[in-house]
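Hello,

Here is the structure I said I would pass on. Please have a look, and then read my notes underneath.

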Amino acid sequence: MARETPAGDLTLANLTKTFGTFTAVDDLSMTVPQGSFFALLGASGCGKTTTLRMVAGLEEPTSGQVLLGDRDVSRLRPYKRPVNTVFQSYALFPHLDVFENVAFGLRRRGIRSVAGPVRQMLTLVQLDGYERHRPAQLSGGQQQRVALARALINHPQVLLLDEPLGALDVKLRRQMQIELKRIQTEVGITFVHVTHDQEEAMTMADTVAVMNAGRIEQLGAPAEIYEFPATAFVADFLGQSNLIAGDVSGGSGDDLLVTAHGTRFSVPSARSRTDQGPVFLGVRPEKLHLAGAAVQVPAGNQYLEGTIIDASYLGVSTQYLLRTGWGTELSVFVANSGAQQRFAVGERAVAYWHPQHAFLLGRRADEADGTMPVRNEPVGASP
Amino acid sequence: MSPRSEAGRPASPPAARSGRYRLLPYLLLLPGAAWLFLFFVVPLVQLAAASLYDPTGSLSTGYALTWAFGNYPTALQAYWPQFGRSFLYAGIALVLALLMGYPLAYAIAQKAGRWKNLLLVCVIAPMFTSFLVRTLAWKTILSDNGALVGLLRDVHLLGPDGRLLATPVAVVLGLTYNFLPFLVLPLYASLERLDRRLLEASSDLYASPLTTFRRVTLPLSMPGLIAGTLLFFIPATGDYINAELLGTPNEYMIGNVIDSAFLVRLDYPQGATLSFLLMSAILAVVFGYLRRTGTEEIL
């Protein structure tokens, strides 16, 4: 692990945490650059909160290190770390008013003049005039902002956010996402945001790490991860993906050839995670287009024929489900721009895509086609 | 901590829809109020009257209500050492009980895990035997030829003739033991509700464990602490069994004097006067205490 990180980067080195026989975090290594908005994304139980708690010092690593700049803080007690947390439950002190909650960290560090910074912080989170309110008198969104102010006022080297928006309703959550992003840009502190909401992670973070079973599956910019996922898990967890099981059957120039269900497709080598053996050919639903017949497919595109078995009108788009000849269902999003032909359930149609929009992932030999059904319809089994 | 929904709040009920609903709360109060009136207010008034009887009267010659306010200074003058002792012993016992009871309640509430219920039973179990029997048991424990005194003599904490029984130490220990559960149970109830995440938040915000205790745990356990303190201190101050069984007349508390005034000397006016003095003194201490802790609203 390189140690010449600039002061302030958060580095996790071979971090592991086991509870009994269960490994919550498994040999995790990564660097969060100073000043970035970093999201740890994963389903519940994937180890993201445990990782966060180890950075905060609330959980002791079984092995591995937490470094802030060059400083190893792994064994420091939480109150000795220049790190603050916004807890999922907010954990506001019920016996203290908003002012005292926000001033708590400053007072503990022996800072005498707290009034100025507290007011400034309450202005930042738009809670002026609430100084004397008790937490119980505030709405969920307001409590959330007090929790944020209480942590931010200490100017931590890293701010940890543990699903801070989980308890808010959709509209408020959207508003707080924008606000959090604004505040992060304003204060320039490193934010590490734990969430299970992929949309939240993508909207706010510069860098997203997708976690699964205690490990990082993929780390990168949101667009990068979305456009070219590293594993089937990421392709499925981040948005929807149509994954068609096949095998690499050769190469031609910069392309790899894949045979799936007797049909040959090509994928650029640059968009392939592997160049041999069993693979998944992946295409995002919005990258698929529909046409009435194979002859209408523009040159250079690849296609699959099938029958429309479901059409859901969603306003901005229509989601179609196309069942191919061998039973696999493909999800297709068509924007309702008015230019596209509409299809009815039962109609024959052709789904086509440009090879540049496909990606190739490694596959275990026993894995079958994976598609994200639009609703809970069964995924067609391959014969 | 859940977000409040303004819309979800039910509209205030139409005010006084009918006389029946308006009277309902009072009807519900009635049995308790009647009970309190008959068995608390009436005897209290009677006791107040008795404290002002002519002190020269006796049970055989009969008493006359002569508004003898002089009974009060006389009683105070005669028995101020016993008054002082009551508050001193109860006070020392309270401090000892707090030193033992707070950690105990904290451990049961926050650290005991699956042993929680068993430990709680252990705290309550002694209450299944009579107060008198328990105090008599202490008499055995503290006796001159008991193991405890022998051990203390061996390690020279007590002189060769030193003893525990029939000393103020025995009385204070007895009080501490007998009233400890009254302190522990309300404290436990408060500490059990303490959200561990608040302690984590405090730790995250630069508070050392000691500061976290002072700034978060202690203030949040205040209601239980106050309730427990009062439940301990009030009966301990008025107690006379411990001084009777574990002490000598030199350790007698005001309860012993009241006991003998009513049951031995049959001096009803003095017994009533002392009772009223004790009650006023306790009330004064309690109000002073509540004012200091600033939590009148919990009562």
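Below are notes on confidence, one loop residue and one helix pair.

This is a predicted model, in which local features need pLDDT of at least 70, side-chain atom pairs count only at pLDDT 80 or more, and totals for chains, interfaces and linings use all residues. Residues are numbered from 1 along each chain as its sequence is written, while chains are lettered from A and ligands numbered from 1 in the order in which they are written.

Confidence first. Chain A has a mean pLDDT (the predictor's confidence in each residue, from 0 to 100) of 88, with 95% of its residues at 70 or more. Residues 1-6 of chain A stay under 50, and residues 372-383 of chain A are below 50 too.

Next, G57(A), which sits in the loop between α1 (48-56) and β4 (63-68) of chain A. G57(A) is buried because 23 other C-beta atoms lie within 10 Å; the cut-off for buried is 20 or more, with C-beta atoms placed from the backbone. The C-alpha atoms of G57(A) and R75(A) are 7.7 Å apart, although 18 residues separate the two along the chain.

Finally, in chain B, the axes of helix α7 (residues 196-204) and helix α8 (residues 209-220) come within 10 Å and cross at roughly 140°. That angle makes α7(B) oblique to α8(B) (under 35 degrees is roughly parallel, over 145 roughly antiparallel, 65 to 115 roughly perpendicular, and the rest oblique). On the α7(B) side, the contact (C-beta atoms, placed from the backbone, within 7 Å) is made by L198(B), L199(B), S202(B) and S203(B).

Best wishes

Technical notes
Axes fitted to C-alpha atoms, helices over the stretch in contact; angles between N-to-C directions. Helix = DSSP H or I, 4+ residues; strand = E, 2+ residues; numbered from the N terminus. Contact = placed C-beta atoms within 7 Å. Buried ≥ 20, exposed ≤ 12 C-beta atoms within 10 Å, placed from the backbone.
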